[in-house]
Amino acid sequence: WAGAPAGRPAAPKAPVASSLVLAGVRPAWRQKDQPHTQKQFVFEKPSEVERRVPEAGVIDKPGVYELSKGPTGTSRIHLIPGFIDSEQADWMFEQLLQDVPWGQRTHIRQEVSFEEPRLTSWYGELPYTYSRITMQPNPNWHPVLSMLKERIEEFTGHTFNSLLCNLYRNEKDSVDWHSDNEPSLGKNPVIASLSFGATRTFEMRKKPSPEEDGDYTYVERLRIPLDHGSLLVMEGATQEDWQHRVPKEYHSRDERINLTFRIIYPEPDGVWK
């Protein structure tokens, strides 16, 4: 019979390819209505919001301001512009500028010595140590300073036994970021800061949380212009949770005197470090 040779099975008919591709019909992998061919690339912004450096707030009106609350307590400041009226402040400034025994202290940092960019003087029965500099006791209070101490004590309801005086001679004089948190000041000290002379900006910044690993980039900041005769009282956890400074300025500034009244306690072991 006219098939395959004897002894060999007939080969199956090969499928006709054209039977799968009908007129006007495309194979499934080429059909346009398939979902995966419709998908378009869409750019999505990262879910994490970019952190911005906060602008510094300004405090220039009289009042009590709660800066922050935390495990250490409430950080609070009280600003009283014109605590000493202008006429009194004028003659007090001139007398203190002339009579206070101003001196320039030398710091040593990493075995390099440099002079403080301001002049200072200390009053009190006990010595005061900061930044590894010890200021010796000086019980001989100037009459103007004694009068100011009594006036501030009456106003604040706090007593003070010591005073650090600072003289900023011009715009180049400054004090860098620090907290008044030496052990001799005790826990949550009250610091009363009275200013005479040229207005200088007092800056504050909140200490970063432990997660920030000492990075001050995103912390809250404040700027407080302290002018002739103004009083600023810092209390509560302010020294524990905040730092402050008086930066150098680019514009010419005349002399400024700043008086910071405080309480000093004897070191427990009697050793001043």
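## Ser-75 and its neighbours

Leaving aside residues up to four places away in sequence, Ser-75 touches Tyr-65, Glu-66, Leu-67, Ser-68, Glu-235, Ala-237, Thr-238, Asp-241 and Trp-242. This is a predicted model, so please read each of the values here as computed from it. Ser-75 sits in strand 3, which runs over residues 73-80. With 0% relative accessibility, Ser-75 counts as buried, because the cut-off for that label is under 20%. If you follow the chain onward to Glu-240, you travel 165 residues, yet the C-alpha atoms of Ser-75 and Glu-240 are separated by 8.4 Å.

Tyr-65, one of the residues touched by Ser-75, belongs to strand 2 (residues 63-70). Its relative accessibility is 24%, so Tyr-65 counts as partly exposed. Beyond residues up to four places away in sequence, Tyr-65 touches Ile-59, Ser-75, Arg-76 and Ile-77. Tyr-65 can also be placed relative to His-78: the two are 13 residues apart in sequence, and their C-alpha atoms lie 6.2 Å apart.

## The protein as a whole

Stepping back, you will find four helices and 16 strands in the protein. Of its 273 residues, 40% are buried. Among contacts with a separation of 6 or more, 74% are between residues 24 or more positions apart.

## Helix 3 and its two sides

Helix 3 covers residues 143-156, 14 residues in total. At 1.5 Å a residue it should span 20 Å, and its end C-alpha atoms are indeed 20 Å apart, so the expected and modelled values agree. The buried residues of helix 3 are Val-144, Leu-145, Leu-148, Lys-149, Ile-152 and Glu-153. Looking down the helix axis, these buried residues fall within an arc of 165°, so they line one face of helix 3.

Pro-143, Glu-150 and Glu-154 are exposed on the other side of helix 3. The cover over the buried residues includes helix 2 (86-99) together with strand 6 (119-124), strand 9, strand 11, strand 14 (231-236) and strand 16. Just past the end of helix 3 comes Gly-157, with a positive phi of about 80°.

## The largest pocket

The largest pocket holds about 710 Å³ of space. Its lining is made up of 33 residues, and those nearest the centre are Arg-118, Val-175, Asp-176, Trp-177 and His-178. By residue class, the lining has 14 nonpolar, nine polar and 10 charged members.

Several strands supply at least two lining residues each: strand 4 (106-109), strand 7 (128-130), strand 9 (162-168), strand 10 (175-178), strand 11 (191-197), strand 15 (242-246) and strand 16 (256-262). Strand 9, strand 11 and strand 16 may look familiar, as they are also among the elements covering the buried residues of helix 3.

## Two loop residues with positive phi

Two residues are worth a look if you are checking the backbone. Asn-188 is not a glycine, yet its phi is positive, near 45°. You can find Asn-188 in the loop between strand 10 and strand 11. At 29% relative accessibility, Asn-188 counts as partly exposed.

Asp-213 has a positive phi too, about 55°, and is likewise not a glycine. Its loop joins strand 12 (200-206) and strand 13 (221-226). Asp-213 has 71% relative accessibility and therefore counts as exposed, the cut-off being over 50%.

Conventions
Residues numbered from 1 in each chain as written. Predicted model: local features only at pLDDT ≥ 70, side-chain atom pairs only at ≥ 80, totals over all residues. Heavy atoms only, no water. 1 Å grid on protein atoms, 1.4 Å probe; cavity = no way out; pocket = protein on both sides within 12 Å on 5 of 7 lines; lining within 4 Å. Points joined across faces, edges and corners; volume = space filled by probe spheres on them. Nonpolar A, V, L, I, M, F, W, Y, C, P; charged D, E, K, R; others polar. Expected span 1.5 Å × (residues − 1). Buried < 20%, exposed > 50% of the residue type's maximum accessible area, 1.4 Å probe, protein only. Arc of directions from axis to C-beta. Contact = heavy atoms within 4.5 Å.
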